[in-house]
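Hi everyone, thanks for making time. I'll walk you through one model today, so have a look at the picture before I start talking.

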Amino acid sequence: MDFLVEQAYANDIPAIQEILRAGNLSDNFSQCRFVLKASSQDRIIGGIGIEFWDGFVSLRGLIVAKEFKRQGVGKALVAEAVKLCQRTGAEGIYAYTMFWNQRFFYTRGFARVPKESAPAGVAASAVFHFPHYRPCCLMEYQGGSR
Ligand SMILES: CC(C)(COP(=O)(O)OP(=O)(O)OC[C@H]1O[C@@H](n2cnc3c(N)ncnc32)[C@H](O)[C@@H]1OP(=O)(O)O)[C@@H](O)C(=O)NCCC(=O)NCCS
């Protein structure tokens, strides 16, 4: 499948939010400095949001529509987000994710780190405090991909 990952415009956001809601995930991009979209044949099939907290990044709202999973879209979204964060001088890149996504992030160059090690701004961000996100783990980008 051919797809493209690029920066989303404001009018792309509702389509990404709809995919998030279909997956019962938070669709709040209000604190994101950037949002990337994945599209195929003019249809938005996924996205990811990038929040900056005191120079540190929290990736949020990573999603790929059900029928397009396992085709490399999530991988491409994270790779592009990491590149963008690095270009904009992020001091560290974090994702707060359900434990079953650990392997996915591990293959993208992230390692699991203790929640307590989150930079203060990241730890204070809303996603850390949703009651249903309690089983999440903190992944930190450590470079490269495996
Ligand atoms: C997590 C998610 C974004 C992955 O997207 P995807 O497009 O299906 O993933 P990819 O096809 O790019 O897979 C990349 C790698 O991760 C692996 N992988 C993907 N999903 C996985 C899963 N659920 N469990 C284990 N491995 C997984 C793939 O096998 C692949 O490995 P490979 O490169 O060795 O082949 C997608 O499953 C999703 O939208 N999940 C629901 C939302 C969610 O949990 N988001 C994370 C919030 S932080």
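**A helix across a sheet**

Okay, let's start with helix H2, which lies across E1, E2, E3, E4, E5 and strand E7 (136-141). Against E3, H2 runs at about 35 degrees. Keep in mind that this is a predicted model.

Now, what about the sheet itself? It's an open one made of 7 strands, and if you walk across it the order goes E1-E2-E3-E4-E5-E7-E6. The pairing is mixed. At the edges you'll find strand E1 (4-7) and strand E6 (110-113), each with a partner on one side only. On average, neighbouring strands here are turned by 30 degrees against each other, ignoring direction.

A quick reminder for the newcomers: strands in a sheet pair through backbone hydrogen bonds, and they can do that parallel or antiparallel. For an antiparallel example, take strand E2 (residues 32-40) and strand E3 (residues 43-53), joined by 8 bridges. Look for phenylalanine 34, and opposite that residue you'll see isoleucine 50 in E3.

Next up, the ligand. Which residues are closest to the ligand? Those are Lys69, Val73, Gly74, Lys75 and Thr97, out of 20 residues that surround it. Strand E4 (56-64), helix H2 (73-87), strand E5 (92-98) and helix H3 (102-107) each give two or more residues to that shell. By type, the shell splits into 9 nonpolar, 7 polar and 4 charged residues.

Last thing: an unreviewed UniProt entry lists residues 1-137 as "domain: N-acetyltransferase". In the model, that span is 26% helix and 34% strand, and its end C-alpha atoms lie 31 Å apart.

Methods: Residues are numbered from 1 along each chain as its sequence is written. This is a predicted model: local features need pLDDT of at least 70, side-chain atom pairs count only at pLDDT 80 or more; totals for chains, interfaces and linings use all residues. A residue is near a molecule or strand if its C-beta atom, placed from the backbone, lies within 6 Å of it. Helices (H or I, at least four residues) and strands (E, at least two) are DSSP runs, numbered from the N terminus. Ala, Val, Leu, Ile, Met, Phe, Trp, Tyr, Cys and Pro count as nonpolar, Asp, Glu, Lys and Arg as charged, and the others, Gly among them, as polar. UniProt positions are given in the numbering used here, feature names are shortened, and annotations may be inferred rather than shown by experiment. Two strands pair if DSSP finds at least two bridges between them. Axes are lines fitted to C-alpha atoms, for helices over the stretch in contact, and angles run from 0 to 180 degrees between N-to-C directions. Two residues are in contact if their C-beta atoms, placed from the backbone, lie within 7 Å.
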